[in-house]
Amino acid sequence: MRGLIRSIRRSIRHRGPQLRTGLRWKLSAAIALVGALVAIALSLVVHNAARVSMLDNARELANERLQIGQRNYELYGRANFPDVKVNDPRLPPALRVRVDAGRRATDVIDHGGAPDIWAAVQAKDGRVLSLHGTFPNRSSDVLKDLDQALVIGSIAVVLGGSALGVLIGGQLSRRLRKAAAAANQVAQGEPDVRVREAIGGVVRDETDDLARAVDAMADALQQRLEAERRVTADIAHELRTPVTGLLTAAELLPPGRPTELVLDRAKAMRTLVEDVLEVARLDSASERAELQDIMLGEFVARRVAAKDPAIEVRVVHESEVTTDPRRLERVLFNLLANAARHGEPPIEVTVEGRVIRVRDHGPGFPEKLLSEGPSRFRTGSEDRAGQGHGLGLTIAAGQARVLGARLTFRNVRSAGAPEHIRAEGAVAVLWLPEHAPTATGSYPMLPGPTQASR
């Protein structure tokens, strides 16, 4: 499961830099955009409707005044009503055509400024009476006030929609962040965490469906991993007895090269069975550290000297730590065995405070494994022809998690050297915690981008 999570993270990293925006801002921008479009559309409709209505009123008023002027003209034989003229040469041709057809007509001429209002009618003597005026200033002022009110209303709608989007998006984004945090806790090995409980809330929406799906997936993966771990542990446990009998029988064989080969393979099989059982126990997260107070530098120097006196141990700064000596020794010996098997001498061990560094001068860790971290049954040899089974650093990382420590790996290169140039050595660093792990055990820590195994 951790390997799958690391692969997902690595694929996301390889996509390159991406623009990241919060859900609340996306939702706010969408609501603001829709609100702006609706406000603009409604403003245009209202503006045009008000303008058309005002122009219609102006035309009706001009027509009523022209009727009064027509009655006065027919009574007194002359145009004595204000603004009414006889056979005005400025009369628009289109309007004259309609009047000549015997109809009363009005027209609006818009030339970019205040529109002109025309009304015309044919008198009984055949002359054309016309009235010319402009759009009333009062109506223009009312229209301007209306446009101003529409602009203010549109801005208010956009701001209100943005605020509403931020509020709604913030609620949804908060739930999603809680879900992501809970999912990360599950990925880090906390099986009791449930995404649905983490997000809380009374309202049921798609976020709850996602949380339940993630919880179901985590439960299914946990059950599958637990089943695989049990099968592995059962197989290794069942193999322990026949392998022990095989080793005992091999020791009774007469001395010779065939006996040595059988003993060597039997011992390798026994080591493999013990390592598989240890990995299964570590995966079950049931291991607990038996804590003691030790002087770290003295402890490491004594254990390394007993393992291989040729390995140099340098204590830069001595410190007292509370840890499990047996598990710490297991981690240290696995790192030394890994350096001896895959690296080149000299092997150096440095203790500085709570930090232990194991360095060799070999070709370094494979780049693929540096990015993915320790993995069982995977060694530094691509064709699987190398020594070992790839369990050494897996066990070391598992024991480090029980200790609450962090185990990292990196290659040593000259300053400015490109990645394809051979490394000048490999360094494994064990960071012991400042505080001892609790009685309930410690949870695994996900490896960083420089962790790997060989």
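The following questions and answers go through a predicted model of one protein chain, from its overall make-up to single residues.

Residues are numbered from 1 along each chain as its sequence is written. Because this is a predicted model, local features need pLDDT of at least 70 and side-chain atom pairs count only at pLDDT 80 or more, while totals for chains, interfaces and linings use all residues, and side-chain values use heavy atoms, with hydrogens and water left out.

User: How many helices and strands are in the chain, and what share of its residues counts as buried?
Analyst: Helices (H or I, at least four residues) and strands (E, at least two) are DSSP runs, numbered from the N terminus. On that basis there are 11 helices and 11 strands in the chain. Buried means under 20% relative accessible area, against over 50% for exposed and partly exposed in between, with a 1.4 Å probe and protein chains only; of the 454 residues, the share that counts as buried is 36%.

User: Which element of the chain has the highest mean pLDDT?
Analyst: pLDDT is the predictor's confidence in each residue, from 0 to 100, and its mean over the chain is 75, with 74% of residues at 70 or more. Over residues 439–454 pLDDT stays under 50, although the model has 67 contacts beyond four places in sequence for them, a contact being heavy atoms within 4.5 Å. Among the elements, helix α1 (residues 2–13) has the lowest mean, 48, and the highest, 90, belongs to β8.

User: Which element gives the most residues to the largest nonpolar core?
Analyst: A nonpolar core is a set of buried Ala, Val, Leu, Ile, Met, Phe, Trp, Tyr and Cys residues joined through side-chain atoms within 4.5 Å, and the largest one has 33 residues, with V300, L328, L335, L336 and L430 having the most contacts inside it. The elements that give two or more residues to this core include α8 (296–307), α9 (325–342), α11 (392–402) and β11 (426–431). The one that gives the most, with 7 residues, is α9.

User: With which residues is L335 in contact, leaving aside its neighbours within four places in sequence?
Analyst: In soluble globular proteins, nonpolar side chains tend to be buried together. L335 is among the residues with the most contacts inside the largest core. Its contacts outside that sequence window are V358, L393, A396, L407, F409 and A428.

User: What is the strand order of the open sheet of 5 strands, and which are its edge strands?
Analyst: Two strands pair if DSSP finds at least two bridges between them. The order is β6-β8-β9-β11-β10, with mixed pairing: β6 and β8 are parallel over 5 bridges, whereas β8 and β9 are antiparallel over 5 bridges and β9 and β11 are antiparallel over 6. Pairing on one side only, the edge strands are β6 (312–317) and β10.

User: What angle does the direction of α9 make with that of β9?
Analyst: Axes are lines fitted to C-alpha atoms, for helices over the stretch in contact, and angles run from 0 to 180 degrees between N-to-C directions. α9 packs on the sheet, touching β8, β9, β10 and β11, and its direction makes with that of β9 an angle of about 20°.

User: Which residue takes a positive phi in the hairpin of β8 and β9?
Analyst: Within this pair of strands, T350 has R357 in β9 as its bridge partner. The hairpin has 2 residues between the strands, and the residue with a positive phi, near 65°, is G353.

User: Why is strand β3 largely enclosed by the rest of the structure, and how many of its residues are buried?
Analyst: β3 (residues 116–122) pairs in the antiparallel sense with β2 (residues 105–109) over 5 bridges and with β4 (residues 128–134), also antiparallel, over 7 bridges. T106 stands opposite A119 in β3, and Q122 has V128 in β4 as its bridge partner. The strand is largely enclosed because the number of its 7 residues that are buried is 6.

User: Is D88 buried or exposed, and which residues does it touch?
Analyst: D88 is in the loop between β1 (84–86) and α3 (93–100), and with a relative accessible area of 6% it is buried. A polar atom of its side chain lies 3.1 Å from the backbone nitrogen of R90. Not counting residues up to four places away in sequence, D88 touches R96, W118 and S130.

How values were computed: Polar contact = N/O pair within 3.5 Å; in protein donor to acceptor, adjacent residues only side chain to side chain.
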